[in-house]
Amino acid sequence: MTTQEQFLISAKPDLQAARMAWLQSLGGERRLSQLTVDAYERDTRQFLQFLTGHCGGAPGIADIKELRPADLRAYLASRRSAGAGARTLGRGLAGIRSLLRHLERQGMVNAAGAAAMRAPRQPKSLPKPLTAADAKRVVATDEQLAEEPWIAARNAAVLTLLYGCGLRISEALGLTGGDLASGDETVLRVTGKGGKTRLAPLLPVTVKAVMEYRSLCPYHLDAGEPLFRGARGGPLNAAIIQREMAKLRSALNLPETATPHALRHSFATHLLGRGGDLRTIQELLGHASLSTTQVYTGVDTARLLEIYDSAHPRA
């Protein structure tokens, strides 16, 4: 049975036509990817099939008008009992909301009930750090792929700050020419989220990377101007570092999870693995709450279990 035949079973002609117009608008007017459109088609088809049993017959616009939050909760419960996880349920609810908002714009229904529904709470996923060896390769100047030496040194300096100091990429790119102006500096003052300032100890290798960049950069790095510059001298955009990291992933055969932010995760995880305490790591990362930092204990435990499973003769 084709998708179209399945759909004909699960909705009346008026709802069929409205849904088809909505799907066409997703790829046309809204220019969503085909994968997203396909996912929304599947999610709303499953919803309509549920309504066929829930309402005692194929639903039409009149049935959609009568939908209440309890009906949506019943649908989510049925999907959950069939094994759907929180992410799947959240995506499915997003597709249903999009369809109902489209029908509301056409004056056919009121989508307030769907808008009031809370998506299932998403489980917190553990950060995915790089291994120490991979992190060192990523930040090495001679591994950078930029042709111009000053740009290669710039990329290495930024990535070294993320791994060596645990900075967010926005924090590294927020530094000015007045920061790290001397090779003798041992502490960096960082302004993080909410304007909160913290002190980040500087490793000699981090200072060396920044000094190499400063010596090669063709632009004058004034104290009040950005430290890291783009190829034409303007402020360096985070997207450029993200693209460079993507190239490194390919060249070094690293997983898709190896992103600039993963270097910050690596900083915290490797410190914890070497005996660092959570309170200190919290301060170094600039976390407002210790509970945010505690996620790294899960990463370290998972790593230990992985080593155990691979090394123990009876595992």
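In this predicted model, Arg 249 has a relative accessibility of 14% and therefore counts as buried, the limit being under 20%. Its salt-bridge partner is Glu 256, with the closest N and O atoms 3.7 Å apart. Glu 256, in contrast, is exposed, with 63% of relative accessible area. This pair thus brings a buried residue together with an exposed one.

A search of the whole structure turns up 10 salt bridges. One of them joins the side chains of Lys 12 and Asp 63, at 4.0 Å from N to O. Because Lys 12 sits in the loop between α1 (3-9) and α2 (13-27), while Asp 63 belongs to helix α4 (residues 61-65), the bridge ties together parts that are 51 residues apart in sequence. Both ends are partly exposed: Lys 12 has a relative accessibility of 41%, and Asp 63 has a relative accessible area of 25%.

Glu 41 and Arg 45 offer another case, with 2.9 Å between the closest N and O atoms of their salt bridge. Here the two residues share helix α3 (residues 34-55) and are four residues apart, about one turn of the helix. Glu 41 is buried at 15% relative accessible area, and Arg 45 is likewise buried at 11%. The pair does not stand alone, as Arg 19 is linked with Glu 41 and Arg 45 in a network of salt bridges.

Attention now turns to the nonpolar residues. In soluble globular proteins, nonpolar side chains tend to be buried together. The largest nonpolar core here holds 50 residues, and those with the most contacts inside it are Val 138, Leu 159, Leu 161, Tyr 213, Phe 228 and Leu 263. Among the elements that give two or more residues to this core are α8 (132-139), α9 (149-165), α13 (260-273) and the strand β1 (187-191). Helix α9 provides the largest share, 11 residues. Leaving aside residues up to four places away in sequence, Val 138 touches several others, including Leu 159, Met 245, Leu 248 and Leu 263. A second, separate core has 26 residues, with Tyr 40, Leu 51, Leu 89 and Leu 103 among them.

The protein chain as a whole contains 16 helices and two strands. Of its 315 residues, 42% are buried. Among contacts between residues at least 6 apart in sequence, 63% join residues at least 24 apart. The accessible surface of the chain comes to about 17000 Å², and carbon and sulfur atoms account for 53% of that area.

Note on methods. Residues are numbered from 1 along each chain as its sequence is written. This is a predicted model: local features need pLDDT of at least 70, side-chain atom pairs count only at pLDDT 80 or more; totals for chains, interfaces and linings use all residues. Side-chain values use heavy atoms; hydrogens and water are left out. A nonpolar core is a set of buried Ala, Val, Leu, Ile, Met, Phe, Trp, Tyr and Cys residues joined through side-chain atoms within 4.5 Å. Buried means under 20% relative accessible area, exposed over 50%, partly exposed in between (1.4 Å probe, protein chains only). Contact means heavy atoms within 4.5 Å. Accessible areas come from the Shrake-Rupley method with a 1.4 Å probe; for residues, only the protein chains shown count as cover.
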